Amino acid sequence: MSESTGVIHDIGYQRYSGPRLGRGAVFGALYLHGLRTVFGFGRSAKAKIFPWLVVGIVIVVAAVVAAVRSQLGQVVMTYAQFADTMSWLIIFFVAVAAPELVSRDLRSGVLPLYFSRPLARSDYPLAKLLSLVTALWLLLGGPQLVMFLGAAFTIEEGPRGVWNELLDLLPGLLYAGLWAAVFGVIGLLVAALTGKRAFAAGGIVAVFLMTTPIVGILAILPSQTINELAFLASPMTMVNGVGTWALGDLLFERGGGLPIGGFGPLYAFTAVLLVAGCVVLLLARYRKVATR
Amino acid sequence: MALIATESLTKTYRGGVTALADLTVVVETGIVGLVGANGAGKSTLIKILLGLLPPTKGQVRVLGLDPITQPDQVRARVGYMPEHEALPPDLTAAELVTHLGRVSGLPRTVARERASEALRHVGLYEERYRPVGGYSTGMKQRVKLAQALVHDPDLLLLDEPTNGLDPAGRDAMLALIHRIGTEFGISVLVCSHLLGEVERICDTLVAIDGGRLLRADRIDAMTSATDILAVEVSEGIEELAARLAALRLPVRRDGRLLLVELADDDTYDQILGAVAELDLPLHRLDQRRHRVAELFATREPSHV
């Protein structure tokens, strides 16, 4: 870098005596690489199609919602409702992104190249998890910001109205974070079990969609307690349950929402437990993989 | 300081398979060949050196560090090239090697520069911007070597680097390893099941079999004073043998060849003189190195 003579010399092999960065920087490098991978950066044009199609859809929906609200004064969906509505799209996004992040590395045998470097064994899965959760949160939260900007610039009550709008937005972003964490951790755990991308994608979709009928069966059993706990059986309805309890009318029309009775805190606790449990399993999985 | 030192290193896998048995060996810097048949324990030893597997018993030091208690310090100074396919097909070589450089702790711009340099040193130029999936086996092996070099290690651990290569590719890879060991100032441990291959480039040879040490020595110590000259004449072989014996040269007959121990350069002159005096048609006169394999062959029975 220091020479500017414009002549290329073959200077042979150069030893490196500069700084070697610590654990934080290495974790950051893995995290950013994961985030780039999810959105197809640094990969073929083909790998960019699906992620950006999804990005396009969520942005367009948000823009339409914002436009309808500013033109007709009608709130089509709240910030939190946006996250709920988009969840089906996010399943497919996870089914493509999670195998891309971990199954590919399992299959190609690249993991020995990571674990022979000064990288803590837990940092690899945690960095990948954080990139996936960030990507999902951006997908669900970013469009909410579009809706917020649309509202903020057309609102009539002035600064006070913008402030109220912001108070509506923040729970929406937190709720998007819950969706991102639950989707991300389950998706990554399933994908980390197999090196075959198709199997991983199928497994992820199955976990989210196949559990819904169980909810349906439990919800019609002749016991009110079981009915009210039924929504714990599927990750999607479980997140809805937490939303019903925590957000109330930000998410559902007055009196709407899931009939979870007084079990709201249990739903929130289960969600935390689910995420924590999946993280533990993920770490255990990579402790085993690293020694191979 | 020894490059690698082990003391009664033993590794027994769950299920009772013993991969390494009481292995004590000390090697100095340079190019070290680790030879042994498949299943001799070479890969297990490498994984222990990297701190990926804990030994069942015994001590191990790599560059003076203990890979069991200081795995990160060891791995920061060691580059590893695995035996098997290890490259994600849809990344370009430049992208992959840069990324792995950053995982080794290089700052972003340094990682990019050193990745280009490492790929250039292994002979990959414009190809590095193409996805690895389309590479030939030889090119993939070079990328694997480049990623082991990117963070400027003090020691390279190469597990069967010539695997899957054609003869020309093997020679090129061995020449490259030799260059890294001599010109780059990086010590290299080369694993191979082909003794004939590594003995060409190594300073030191370590042979293991069934997890036990067969022999570890500098290669010049193994081959010194064993060089012999092979002389072939199309007729008069008896006369020449008698004449050489009269010159007090230790000579021995081997089929149509006469084998003469090479004492110094005068031996050549004496043989040529003898051939000229007898006026015999000389077919060939060449120096023959004792194959290292023969040295092992004579030792092996004591261990079997």
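Begin in chain B by selecting strands E1, E2 and E4, which form an open sheet of three strands in the order E2-E1-E4, with antiparallel pairing. Strands here are DSSP runs (E, at least two residues), helices are DSSP runs too (H or I, at least four residues), and both are numbered from the N terminus; two strands pair if DSSP finds at least two bridges between them. Strand E2 (18–27) and strand E4 (57–62) of chain B each have a single partner strand, so they stand at the edges, and one side of each is left without a neighbour in the sheet. From one strand to the next, the twist averages 20°, where axes are lines fitted to C-alpha atoms, for helices over the stretch in contact, and angles run from 0 to 180 degrees between N-to-C directions.

This is a predicted model, in which local features need pLDDT of at least 70 and side-chain atom pairs count only at pLDDT 80 or more, while totals for chains, interfaces and linings use all residues. For making selections, residues are numbered from 1 along each chain as its sequence is written, and chains are lettered from A and ligands numbered from 1 in the order in which they are written.

Stay with this sheet and select strand E1 (residues 4–12) of chain B together with E2(B): the two run antiparallel and are joined by six bridges. Within this pairing, B:Leu9 has B:Leu23 in E2(B) as its bridge partner. Then add H1(B), which packs on the sheet and touches E1, E2 and E4 of chain B, its direction making about 115° with that of E1(B); two residues are in contact if their C-beta atoms, placed from the backbone, lie within 7 Å.

Next, select the other sheet of chain B, an open one of six strands in the order E5-E6-E7-E3-E8-E9, with mixed pairing. Its edge strands are strand E5 (78–81) and strand E9 (212–218) of chain B, each of which pairs on one side only, and the twist from one strand to the next averages 15°. Inside this sheet, strand E6 (residues 155–159) and strand E7 (residues 187–192) of chain B run parallel and are joined by five bridges, and B:Asp159 stands opposite B:Cys191 in E7(B).

Which helices lie across these strands? One is helix H1 (residues 42–49) of chain B, which lies across E3, E6, E7 and E8 of chain B and runs at about 150° to E6(B). Another is helix H6 (residues 167–182) of chain B, lying across E3, E6 and E7 of chain B at about 150° to E7(B).

Now step back to view chain B as a whole, which an automatic or database domain assignment divides into domain 1 (4–219) and domain 2 (227–288). The centres of these two domains of chain B, taken over C-alpha atoms, are separated by 44 Å.

Finally, turn to chain A, whose secondary structure comes to 11 helices and zero strands, and whose C-alpha trace spans about 75 × 50 × 35 Å along its principal axes. To see where the chains meet, select the 33 residues of chain A that are in contact with 35 residues of chain B. On the side of chain A that touches chain B, two or more residues come from each of helix H1 (23–38), helix H3 (79–108) and helix H4 (111–115) of chain A, and H1(A) gives the most, with five residues.
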